[in-house]
Amino acid sequence: MKIIIHNNIRLIIYDNGSFEAVHKNDRRRQNGKMLERLNFDISVYGSEHLRLAPDGFRFMTAVEFDGGIGLTYVSEKYSLEVYCELRFAKGADVIIQKNSVRNIGSRDIRLTGFSSGLAGNISPEPAWYKNEMLRIHICHSSWQGEGQWREYSPQELGLYPSTSHSWEKKIVEIASSGSWSTAKYYPLVMVEDRRRDCIWYMETEGSHSWEIDLKEYGGYAEPYLALEAYGSGTVAGDWHYNLKPGEVYSAERSFWGVTKGGFEDAAAQLNIFKRQDTEVIHKNGVPPVVFNDYMNCIWIDQSPERIFPLIDRAAEAGCEIFVVDDCWSENAHGLGKGDWKPKKSLYKDIDLKAIAERITERGMIPGIWFELESVDSTAAGAKLNENAILKKDDLPVGDNGEYFYNMTDTEVRGYLKARIREVYDIGYRFIKNDYNRAIKKGCTNSFGGNSPEQGLIEHSDAFYNFIRELYDEFPGLIVENCASGAMRSDNKMLRNYALQSTSDQEFYYNTPSIVMGSMALMPPEKAGIWSCPYPAGFYEYKNFKPEKEYIRKMADGRQTVFNMVTAMTGLLYQSGRIDLCDDTNFSYIRNGIGLYKRIREYIPKSRPVYPLGMRNINTEGAAALGLLSEHRLLLAVWNIKRSHDNIECDISSYVGRNASIETLYCAESERCMIGNGIITVEMSGMSAVFAVISF
């Protein structure tokens with residue numbers, strides 16, 4: 001047996017190659033069932049899932065290297081060699097697992113399953129299923145309803161032993177199918193043991209089908225609980241791969257670990273890892289202030305004449321990037337996506353270059369919207385060659401003439417870069433890349449096999465590479481990831497972008513719930529949060545003009561402050577008809593942006609905390625989100641109900657009892673004080689407060 005201590009994790013590698021990671025203070029019993037388990041799941045067509053056994057895999061070697069250890073397993077029967085690499089995240093209770101399999105035989109081998117990692121023996125109690133303090137955290141998602149964490153007991157999920165047989169197995173699958181990788185769930189599961197004061201977490205990645213399994217093994221005889229992740233080789237995606245002699249196939253990464261504490265502590269550890277894992281950081285190390293003309297603003301009614309007043313007002317408010325969103329483009333032969341030509345009906349007298357010049361003159365960086373993978377049948381790009389668009393069984397992937405570019409195709413990538421070059425050369429340095437439709441069941445012309453799921457994996461990998469190539473070929477370019485909000489926001493996608501849209505949510509009072517949940521999924525400085533004061537709703541934007549009743553309703557500025565407070569907890573993504581708002585509301589916008597610029601240096605050093613717990617969407621009441629860094633707590637408090645309330649937040653566990661309010665941002669009707677580590681806020685209905693607390 002070999003033991004490696006990494007931060008607060010004790011990694012135990014048994015003599016047969018099975019391993020488990022526990023908190024370093026955990027002196028648990030050895031689980032006999034665990035010792036029979038591989039820390040990866042692999043299956044071959046026509047066979048059962050293989051295990052550590054004479055007819056399965058034998059453990060060969062364990063070789064340590066700087067920052068990790070590699071374990072090798074061999075199956076003579078199936079002529080397979082698996083290499084399991086475990087890397088230790090610096091400064092975080094996180095292990096990054098990467099599994100690779102090599103064909104050491106002379107014939108093709110058809111793999112039908114290959115997991116990314118397994119964390120076993122999570123709860124060492126013989127009757128873990130009776131532990132009422134064992135809680136499972138799952139993050140649900142939907143369009144405009146992202147980041148919705150829910151808490152379950154194992155019993156509530158249907159996870160419990162029921163037989164006396166040691167071979168019993170039950171599985172609860174948290175899974176996604178298709179390229180909208182985070183449309184239903186985010187690929188992260190946490191298992192919190194409040195009795196033992198520790199929490200487990202496992203995440204996988206990749207913009208394709210994935211699966212995380214909660215597994216119960218052993219029945220009443222030898223019960224134990226495990227988490228297993230599949231980033232490729234999923235049930236949901238019907239994956240298979242023909243592995244040729246000498247060939248190596250690598251599964252997607254998983255990263256997992258255990259730490260002392262609960263949900264906040266797990267989020268903090270994952271935050272540390274994702275910050276060091278990213279390939280893109282903000283210039284000067286701080287998130288910018290972005291204005292976008294779409295949401296609750298001019299939507300797709302995008303005449304240049306309407307944009308100019310917004311440009312001027314955004315600059316006056318203190319924005320640093322101005323993005324021209326959807327509706328600026330058309331195909332070479334008419335409407336549609338794929339060729340990215342300026343729309344002749346809109347951009348003839350005042351062209352995109354003139355708009356970029358206006359943005360630059362006002363001291364901002366010009367930005368523009370693309371949906372790079374989408375292409376309509378009318379586009380010239382769709383006809384570049386027979387493989388220009390994704391296909392499955394020789395038919396285009398998509399519907400109603402709306403398809404997807406094949407990003408493995410060299411000619412396609414060159415065509416798209418040429419379109420980007422056209423806007424880059426006239427001054428645009430920011431791209432909001434959207435993704436509004438999903439590839440549901442994969443594709444087959446993006447690689448040399450016939451597994452649609454593997455085709456989607458290789459298409460996705462090619463797209464990541466394409467984004468990285470843009471940074472090399474277009475110096476100073478900033479790229480945002482959007483997928484109808486956060487429908488494709490897994491870590492493998494996000495690590496290649498400067499920021500991630502957290503949601504397309506249109507109702508400002510729903511956004512705090514989404515933001516609170518999202519902060520456990522991505523570093524706050526990458527979380528783009530829409531602020532839409534003076535909103536023009538989707539059904540009235542064409543003829544929007546503030547009338548007397550609208551002006552009266554907005555006069556106290558509380559809705560504007562609410563919007564600003566929410567967005568100040570991440571990357572401030574400004575919108576709304578700020579060109580039409582009154583002086584009072586504009587003052588709140590400008591002051592909010594000014595405060596944000598003063599405190600944003602702390603955001604990339606912070607971790608999320610939840611003094612009042614999580615607040616689910618569509619529920620009324622008080623909510624609070626803090627960004628905690630050394631000597632600073634940035635605290636947002638919301639009253640999400642129509643009536644007045646006095647809200648108390650005990651933040652003493654974060655800041656001690658001698659903390660003070662350094663800066664306070666709120667509407668005039670709100671009152672706030674702090675004493676003995678408790679912040680008390682007198683709040684009107686549907687209002688918010690942002691406090692900078694020093695300690």
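The questions below concern two backbone angles and the nonpolar cores of this structure. This is a predicted model, in which local features need pLDDT of at least 70 and side-chain atom pairs count only at pLDDT 80 or more, while totals for chains, interfaces and linings use all residues. Residues are numbered from 1 along each chain as its sequence is written, and side-chain values use heavy atoms, with hydrogens and water left out.

Q: Why is Asn7 called partly exposed?
A: Its relative accessibility is 33%, and partly exposed lies between buried (under 20% relative accessible area) and exposed (over 50%), with a 1.4 Å probe and protein chains only; Asn7 therefore counts as partly exposed.

Q: What makes the phi of Asn7 notable in a residue other than glycine?
A: Phi of Asn7 is near 50 degrees, a positive value, whereas most residues other than glycine have a negative phi. Asn7 is found in the loop between β1 (2–6) and β2 (9–13), strands being DSSP runs of E with at least two residues and helices runs of H or I with at least four, numbered from the N terminus.

Q: How do you know that Tyr534 is buried?
A: Tyr534 has a relative accessible area of 1%, and the limit for buried is under 20%, so Tyr534 is buried. Tyr534 also has a positive phi of about 50 degrees and is placed in the loop between β33 (527–531) and α9 (548–554).

Q: What makes a set of residues a nonpolar core?
A: The members are buried Ala, Val, Leu, Ile, Met, Phe, Trp, Tyr and Cys residues joined through side-chain atoms within 4.5 Å. The largest such core has 130 residues, of which Phe322, Trp328, Trp638 and Phe690 touch the most other members.
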